[in-house]
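Biologist: I'd like to go through this one with you. Can you put it up?
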There are 2 protein chains.
Amino acid sequence: MTPSPALATLETPVALLDLQQLERNIHHMQTAVGALGVRLRPHVKTAKCVPVAARQREAGGHGITVSTLKEADEFFAAGFDDILYAVGIVPNKLNHVLDLRRRGCGLKLIVDSHAAAQAVVDAGRAQDHRFDVLVEIDVDGQRAGVLPDAPELIDIGRLLHEAGALAGVMTHGGGSYAMRGHDALVAFAEQERSRCVQAADRLRAAGLPCPIVSVGSTPTALFARSAAGLTEIRAGVYVFNDLVMAGLGVCRNDDIALSVLTTVIGHQPAKGWVLVDAGWMALSRDRGTQGQPVDQGYGLVCAEDGRVMDDWTVSAANQEHGIVTRRDGAAPADLAQQFPVGSRLRVLPNHACATAAQFGQYHVLDSHGAVSIWPRFSGW
Amino acid sequence: MTPSPALATLETPVALLDLQQLERNIHHMQTAVGALGVRLRPHVKTAKCVPVAARQREAGGHGITVSTLKEADEFFAAGFDDILYAVGIVPNKLNHVLDLRRRGCGLKLIVDSHAAAQAVVDAGRAQDHRFDVLVEIDVDGQRAGVLPDAPELIDIGRLLHEAGALAGVMTHGGGSYAMRGHDALVAFAEQERSRCVQAADRLRAAGLPCPIVSVGSTPTALFARSAAGLTEIRAGVYVFNDLVMAGLGVCRNDDIALSVLTTVIGHQPAKGWVLVDAGWMALSRDRGTQGQPVDQGYGLVCAEDGRVMDDWTVSAANQEHGIVTRRDGAAPADLAQQFPVGSRLRVLPNHACATAAQFGQYHVLDSHGAVSIWPRFSGW
């Protein structure tokens, strides 16, 4: 691998996206979910970038998942109209939702309580509008959702159905991030599937419709052995991959498409420190590998050409300063020769969603070494 | 305190700025540094907001400090022309710096190595331009800088002086963030001052000019007992304050001007969890109080009117979900009544610089309960 000459002229830090790796990641997930016989609904919260989502759609993705109404706005404006907003809806967002839906956006909502469902139903009656609402199911005790065997599930389903708003059930098996090893991930994927399907079956047994049965996370999507009873799988971070996913065994370090290009600004030779111009503002404060067997600090260091330097991580970070050190704490005598002031490194992210969010654009490196700019957005 | 009716209509999460508290914080720091007889050069990296910096200037601030050239661009466009860029300069940024300086921006640079100084001198010669460069001094072993007694200091100073580019010395006593208690902070402020002045004295003894002697951090600025030998003090986070500063004893929780307004989206009653729509994307991943005596999780919870609820923190966070729990882990029976779906809370930030950076604007709440929008920017 030879560094692209285009990188030398960039003002650092920048979010560097390897286009070939991005496309491999998209293909890999689409193939895996396709083999299960269900649709893939990519979660676009990781990249928040229309050209990335367009590639996911071209590869066979069906609809998108969003984490904010800002994402719904931006992607609807770019031609995506089948959108699942996967955070429990609250009253202060319903006018915004209504505006999108009246303009033709097929925006689906989620609730996990009678109170939230009632608020949606009330707003729908007041505005003479039928929302599309999924009931969020708790399959792992990690976050939101009603338990698949909870009596409240039927109450919520009936309340929504009587308003013509019941669209199905969904869950996010976020507990997959705590699984270790192939067998645990396979078992967890089955837990996510079976508990969500159980909820769908209970609704149907109560005479309620449940057209959509939606589950997913990147680990469960890739380790699922069955999608029986599901209509779709959602996944997000796979599009870039990251060190947390690599630590779980979901990808390899070489599968990570996103890195932060940074420049060496100085050294503290006695301590073995290389100072770079990517601090936590560029890398994010995410320390997602801290609880994994291999703690990657604020990120794993690569040479400018992308070659992983396994011995080196960003071990500390201030706002605009990163401190690159050897894992073993050694201070090589040739530190300043090995990492000259002005030379460039790449840093692989712990958590791609968090690191990408620190940037307003991606610098996309293609297989010819050319760099183009893809915009991304942030906020709510 | 009554919640402002204006808050009820906002789509959450938003970055809420208490205007009166902001102005008190600006006045407090300006008074403290003024009493030491030196200039205050606010670091604008915390707010990245022209209306905030304008108030710091009106209060008596003299010039600004920036952490990125994007900040230099934005603030120069807004009429600030005395700017110190407080991150070691690297060659890929010098064309940008040159452009700003040729357009009239008095942008000062820093270096802490002969190699970096040489790069600036070479670029200056090639472009027939004299940069203004300060040598960064290491006063606490925390980050960058040459030691005040290092032989290299004189070499760097001479190299810069021969190119007409030596503007002085500067340091940032970031080690102050690890101090505990009044006496330790006072002593550390004196260490920061004395070591930076020592470096200035050495340059002068070698026949080199040192017109600027610049130090600072919010804790040292507020705990310094002397500014002898200094020409200016820099500080940034004081403008908002945060839980890390409160944990150090630098401010009280009530002095924090920035919070994240969030809405309750649901509950897990058996666990005592209140789910809110401020996750780490809104709060940031900064866990700066983790190492302090009181760990505030992802932030300390306040009622909608700003009243601190000392027993409640955001104890866990996903991208767009925060989990609010009691510190003691208890699950109150009236959880859903105490925190109804759709009701609002505020969350005080661990680290204001990190939390503010997650937003594109501030919602500024004035003493009459009215809300206005102040833009902020991000990126490089």
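Modeller: A definition to start: two residues are in contact if their C-beta atoms, placed from the backbone, lie within 7 Å. Also, this is a predicted model.

Biologist: With that in mind, through what surface do the copies meet, and why do you say so?
Modeller: The same surface on each, because 100% of the interface residues of chain A are also interface residues in chain B.

Biologist: How many residues does the contact take from each chain?
Modeller: Chain A gives 48 residues and chain B gives 48 residues.

Biologist: Which elements of chain A give two or more residues to that side?
Modeller: Those are α5 (114-127), β10 (258-268), α10 (280-283) and α12 (352-356) of chain A. The largest share comes from β10(A), with 4 residues.

Biologist: And by class, what is on the side of chain A that touches chain B?
Modeller: There are 20 nonpolar, 19 polar and 9 charged residues.

Biologist: Switching to symmetry. What turn lays chain A on chain B?
Modeller: A turn of 180°, with a shift of 0.0 Å along the axis, and the RMSD is 0.0 Å. The two copies are therefore related as by a two-fold rotation axis.

Biologist: Which C-alpha in chain A is nearest the axis?
Modeller: That of A:Arg285, 2.5 Å from the axis.

Biologist: Now the core. Which residues have the most contacts inside the largest nonpolar core?
Modeller: A:Val133 and B:Val133, in a core of 262 residues.

Biologist: What does A:Val133 touch, not counting residues up to four places away in sequence?
Modeller: Among them are A:Leu109, A:Ile110 and A:Val111. A:Ala117 and A:Val120 are also on the list, as are A:Leu160, A:Ala165, A:Leu166 and A:Ala167.

Technical notes: Residues are numbered from 1 along each chain as its sequence is written. Chains are lettered from A and ligands numbered from 1 in the order in which they are written. This is a predicted model: local features need pLDDT of at least 70, side-chain atom pairs count only at pLDDT 80 or more; totals for chains, interfaces and linings use all residues. Copies are superposed by least squares on the C-alpha atoms of residues with pLDDT of at least 70 in both. Ala, Val, Leu, Ile, Met, Phe, Trp, Tyr, Cys and Pro count as nonpolar, Asp, Glu, Lys and Arg as charged, and the others, Gly among them, as polar. A nonpolar core is a set of buried Ala, Val, Leu, Ile, Met, Phe, Trp, Tyr and Cys residues joined through C-beta atoms within 7 Å. A residue is buried if 20 or more other C-beta atoms lie within 10 Å of its own, exposed if 12 or fewer, and partly exposed in between; C-beta atoms are placed from the backbone.
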